[in-house]
Amino acid sequence: MSQFKSHLSLPLHIHHVAYLMKDPPHDAPLAKAEFRQLISWFQIEPEHCFEEKKMGLGIKKYPNGDQLLILWRLHTEYYSYQTWHLPSNPSRVLTFGPIDLPGYLFQSCPLGTRISWMDILVQSGNDPVSKQELQEVFRGPEIFGSRVIEAISLYTDFAPDEHEKVRFLVRSADVRSLKEKAPFILESLSFLENYRHLILFPLDEFNQHMDRFYQLEKDQVVKREEISRGLETSSPKQFKEWLILLTRTLSEVNRIGDNVRYHLASAVPYDSILNATLEELKETGEIGFQPLGYFIKRKVRGIADGYLRLIERIDALNKALEGTVAVLRTRVDLAMEEQNLSLLKSVDETTKNQVHLQQTVEGLSVIVLTYYITGIANYFFKGVSEWGLIQSPGLATAVCLPISFLIAFGLVYRVKRALTRRDHQNNE
């Protein structure tokens with residue numbers, strides 16, 4: 001914003017605070033509404049307010065000529081406020097602590113967890129700051145100092161003061177360069193603090209997931225070895241038990257993987273932002289001090305890589321479990337196919353036996369019918385012989401026997417054909 005740069009003067013006293021949003025798509029409009037409410041609280045006139053999509057600025061001028069700038073920024077996962085105190089008197093000495101303006105009180109209703117809270121002084125000075133002077137300002141166990149963009153010095157102890165803010169001193173003898181580069185340096189400091197804390201935030205959760213995953217990984221190595229040894233000799237029932245156990249474990253691994261990716265995957269790009277910011281600052285160490293980058297890299301060294309390694313190990317275990325589950329499912333399917341083949345073979349044998357039995361029954365039916373028809377004919381011929389119509393009823397019965405057989409065979413055939421036709425119609 002051009003309005004922002006046009007109001008800059010030295011010295012500067014800045015408070016920076018950033019909040020992590022729980023649900024960025026939902027909270028982003030609320031964060032902008034919160035900024036507008038804050039502008040209203042400070043009674044800043046609309047003509048002194050400037051808004052863009054992800055940035056807002058409010059400027060208030062006090063009767064003594066001092067100015068208050070409230071800068072709001074919306075980032076992907078967090079939003080931040082910077083309140084700038086610009087005194088009208090360039091020779092005025094500003095100190096760390098509360099903003100020294102009449103009735104100043106920063107009131108906000110944050111939408112999430114506070115990420116960082118900084119107290120920053122930007123001042124010019126021809127004389128270098130002595131270690132004793134710095135020790136009076138910074139109470140942490142170690143003071144870090146760097147020279148950035150060739151001529152600007154940065155000092156901090158990275159330790160929260162009595163107001164829970166981390167103090168930063170920005171100083172240079174080149175007033176013009178300091179005034180020109182101040183916005184960039186302050187934005188870089190906010191990146192360093194915000195993304196350092198964002199990387200460290202999930203560390204406890206990472207340790208918990210790591211402990212649980214280590215136990216799962218250890219148990220599954222033993223279980224998969226047991227399954228490998230028993231693949232050739234175990235029963236289908238055992239295969240199903242293993243399959244249920246592995247499916248439950250796979251579900252838990254997927255749950256851990258989803259949580260880890262959601263909370264930890266962003267640490268890798270955060271780490272890249274930290275490294276890129278340090279490179280852009282062109283940091284070199286101040287004599288007698290460790291550079292700021294030394295502290296930051298020491299704090300986050302290996303953490304993002306550790307997050308990434310855990311995600312890779314989860315993916316590897318997921319694939320291993322899926323492979324074992326696929327093998328067990330194949331073995332269960334093969335066992336079921338073998339059972340089905342045995343059942344089909346048994347059904348085939350039963351069908352053949354039924355066919356043989358049916359053929360036997362049909363044959364017996366023909367014989368029985370032939371016997372009964374022939375017996376009836378014999379009675380008929382005996383009665384006729386009594387009337388003197390035939391001389392030999394036994395001979396007549398013998399002659400009738402083939403006829404009886406044909407009649408019996410025809411009857412059985414017709415019944416069989418009628419039943420077959422009915423079954424065919426029912427199947428259709």
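This report covers the cores, pockets, cavities, ring pairs and backbone exceptions of one structure. The model is predicted.

**Nonpolar cores**

In soluble globular proteins, nonpolar side chains tend to be buried together. Here the largest nonpolar core has 70 residues. Within this core, Val122 and Val170 touch the most other members. Helix α9, residues 303-386, gives the largest share of the core, 11 residues. Another core lies apart from it and has 20 residues, including Phe35, Leu38, Tyr62 and Ile99.

What does Val170 touch, leaving aside neighbours within four places in sequence? Val170 is in contact with Ile120, Leu121, Val122 and Gln123. Its contacts also include Ile152, Ser153 and Leu154. Leu178, Ile185 and Leu189 are further partners of Val170.

Gln220 is a polar residue in a buried place. Gln220 sits in helix α5, residues 203-230. Its relative accessible area is 5%, under the 20% limit, so Gln220 counts as buried. Not counting residues up to four places away in sequence, Gln220 touches Leu246, Thr249, Leu317 and Leu321.

**Pockets and cavities**

Rolling a probe the size of a water molecule over the atoms shows where empty space is left. The table gives the volumes.

| Space | Volume |
|---|---|
| Largest pocket | about 470 Å³ |
| Second largest pocket | about 340 Å³ |
| Largest cavity | about 50 Å³ |

The largest pocket is lined by 16 residues. Leu20, Met21, Glu77, Tyr262 and His263 are the closest to its centre. Strand β1 (12-21), helix α6 (236-264) and helix α7 (267-281) each supply at least two lining residues. The largest share, three residues, comes from α6. By class, the lining of the largest pocket has 10 nonpolar, three polar and three charged residues.

The second largest pocket has 18 lining residues. The closest to its centre are His15, Tyr104, Phe106, Trp117 and Lys165. Two or more lining residues come from each of β1, β5 (78-86) and β6 (112-124). Which element gives the most to the lining of the second largest pocket? It is β1, with four residues. This lining divides into nine nonpolar, seven polar and two charged residues. Strand β1 thus appears in the linings of the largest pocket and the second largest pocket.

The search of the whole structure finds two cavities of 30 Å³ or more. The lining of the largest cavity includes His16, Arg73, His75, Tyr78 and Ser80. Gln82, Glu187, Ser190, Phe191 and Asn194 also line the largest cavity. Strand β5 and helix α4 each supply at least two of these residues. Helix α4 gives the largest share, four residues. By class, the lining of the largest cavity has two nonpolar, six polar and two charged residues.

**Aromatic pairs**

The structure holds 15 aromatic pairs. One of them joins Tyr78, which also lines the largest cavity, to Tyr195. Their ring centres are 5.9 Å apart. The planes stand at 80 degrees, over the 60-degree limit, so the pair is edge-to-face. Tyr78 lies in strand β5 and Tyr195 in helix α4 (residues 175-200). The pair links distant parts of the chain, 117 residues apart. Both Tyr78 and Tyr195 are buried.

Phe96 and Phe138 form a tilted pair, because their planes are at 55 degrees, between the 30 and 60 degree limits. The ring centres of Phe96 and Phe138 are 6.0 Å apart. Phe96 is in the loop between β5 and β6. Phe138 is in the loop between α3 (131-137) and β7 (144-148). They are 42 residues apart in the chain, and both are buried.

Ring pairs also link Tyr19, Tyr79, Tyr81 and Phe106 into a cluster. Of these, Phe106 is also among the residues closest to the centre of the second largest pocket.

**Backbone exceptions**

Most residues other than glycine have a negative phi, and most peptide bonds are trans. The bond between Leu10 and Pro11 is cis, with omega about -5 degrees. Pro11 is in the loop between α1 (2-6) and β1.

Gln43 has a positive phi of about 55 degrees although it is not a glycine. Gln43 lies in the loop between α2 (24-41) and β2 (49-51). Its relative accessibility is 64%, so Gln43 counts as exposed.

Lys282 also has a positive phi, about 50 degrees, and is not a glycine. Lys282 lies in the loop between α7 and β10 (284-285). At 58% relative accessibility, Lys282 counts as exposed.

Notes:
Residues numbered from 1 in each chain as written. Heavy atoms only, no water. Buried < 20%, exposed > 50% of the residue type's maximum accessible area, 1.4 Å probe, protein only. Contact = heavy atoms within 4.5 Å. Core = buried A, V, L, I, M, F, W, Y, C linked by side-chain atoms within 4.5 Å. 1 Å grid on protein atoms, 1.4 Å probe; cavity = no way out; pocket = protein on both sides within 12 Å on 5 of 7 lines; lining within 4 Å. Points joined across faces, edges and corners; volume = space filled by probe spheres on them. Phe/Tyr/Trp six-rings, centres within 6.5 Å; stacked < 30°, edge-to-face > 60°.
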